[in-house]
Amino acid sequence: MTNRRRPVLQITPLIEDAGLFKREVRDVPLELVPVISRNNRGDLVVKGIVQPDAEIEVVFAGRRMREAAGLVAQMKKLRVQGVRTAMNGHEAMNNIRRLRLPVQVRGTWRLRFDRDASGWEVKSYQLLAAQWAFADADGYTVLCGWPPAEPEDRLQDRARAARAQLAAARAAQAARTGQASQAAAQDRRAKGGAPGPTG
């Protein structure tokens, strides 16, 4: 089978994010469970829980894996706590799965289908993380990751649209101000009467 992946050195942030964030980027509050693995691409995968108690996978891919180092360190501390309080391996795993780290993730959803042991396709959800925020051991909020990279022309289009919107708002404000001044002048003329002829 042909490997269609580009060499790592050829992957720019724009190329990487175009492949990752194909759908709308959303803010998702969730809780991470200290169960960490890697997928076949080498991306970091962490178990997560979203309301109402649904299990998902949160994926930290590409250049964002390095950014996730602080989050992984926090998860490992949680994991150690779970193991330390357990009497045996089974209880340790149960304890670990009960531990939660609240995290706010900005990312996009991806639907996956995997075959189970019986051959049935099982649906699961992955959240591809662009940015994330969590509280560190001292209670300070840590923000990591980057917003998805966008092509320069799209950024320019957005900037042009924002400038046009601002110009339209200013024009509308000026029109309202002009109308108000005109109305006030007419009101003054009506109260004082029209000025008589001079000479």
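**Close-up views of a predicted model**

**View 1. Val103 pairs with Phe134 of S5**. In this predicted model, Phe134 in S5 is the bridge partner of Val103. The pairing between S4 and S5 is antiparallel and runs over 13 bridges. S4 covers residues 101–115, and S5 covers 121–135. Five residues lie between the strands in their hairpin. There, Gly119 adopts a positive phi near 95°.

**View 2. S4 also pairs with S1**. Strand S1 spans residues 26–38. S1 and S4 are antiparallel, with seven bridges. Leu32 sits opposite Leu101 of S4. Both Leu32 and Val103 are among the residues with the most contacts inside the largest nonpolar core.

**View 3. The largest nonpolar core holds 23 residues**. Leu30, Leu32, Phe60, Leu71, Val103 and Trp132 have the most contacts inside this core. At least two core residues come from each of S1, strand S2 (44–50), strand S3 (54–60), helix H3 (69–84), S4 and S5. A second core is separate and has seven residues. Its members include Phe21, Val45, Ala61 and Ala130. In soluble globular proteins, nonpolar side chains tend to be buried together.

**View 4. The surroundings of Trp132**. Neighbours within four places in sequence are left aside here. Trp132 contacts Phe60, Leu71 and Val103, among others. These three residues, like Trp132, are listed among those with the most contacts inside the largest core. Further contacts of Trp132 include Arg64, Glu67, Ala68, Gln104 and Val105. Val142, Leu143, Cys144 and Gly145 also touch Trp132.

**View 5. The buried side of helix H1**. H1 runs from residue 13 to residue 20. Glu16, Asp17 and Leu20 are buried in this helix. They lie on the same side of H1 because they cover an arc of only 90° around the axis. An α-helix has 3.6 residues a turn, so residues three or four places apart point the same way. The cover over the buried residues of H1 includes helix H2 (64–67), S4 and S5.

**View 6. Thr108, a buried residue of S4**. Thr108 belongs to strand S4. Its relative accessibility is 1%, so Thr108 counts as buried. The Thr108 side chain reaches the backbone oxygen of Glu24 at 3.3 Å. Residues up to four places away in sequence are not counted among its contacts. Thr108 touches Leu20, Phe21, Arg23 and Glu24. Gln126, Leu127 and Leu128 are also in touch with Thr108. Of these residues, Leu20 is one of the buried residues of H1, and Phe21 is part of the second core.

**View 7. Ser37, a partly exposed residue of S1**. Ser37 is in strand S1. With a relative accessible area of 37%, Ser37 is partly exposed. Ser37 touches Asp43, Leu44 and Val45, with residues up to four places away in sequence not counted. Val45 belongs to the second core. The C-alpha atoms of Ser37 and Val59 are 9.8 Å apart, and the two residues are 22 apart in sequence.

**View 8. The whole chain, for orientation**. The protein chain has five helices and six strands. From the N terminus, the order of elements is α-β-β-β-α-α-α-β-β-β-α. The chain has 199 residues, of which 26% count as buried. Among contacts between residues at least 6 apart in sequence, 53% join residues at least 24 apart. The chain exposes about 14100 Å². Carbon and sulfur atoms supply 54% of that area.

Key. Residues numbered from 1 in each chain as written. Predicted model: local features only at pLDDT ≥ 70, side-chain atom pairs only at ≥ 80, totals over all residues. Heavy atoms only, no water. Buried < 20%, exposed > 50% of the residue type's maximum accessible area, 1.4 Å probe, protein only. Helix = DSSP H or I, 4+ residues; strand = E, 2+ residues; numbered from the N terminus. Arc of directions from axis to C-beta. Contact = heavy atoms within 4.5 Å. Pairing = 2+ DSSP bridges. Core = buried A, V, L, I, M, F, W, Y, C linked by side-chain atoms within 4.5 Å. Areas by Shrake-Rupley, 256 points an atom, 1.4 Å probe, with all protein chains shown as cover. Polar contact = N/O pair within 3.5 Å; in protein donor to acceptor, adjacent residues only side chain to side chain.
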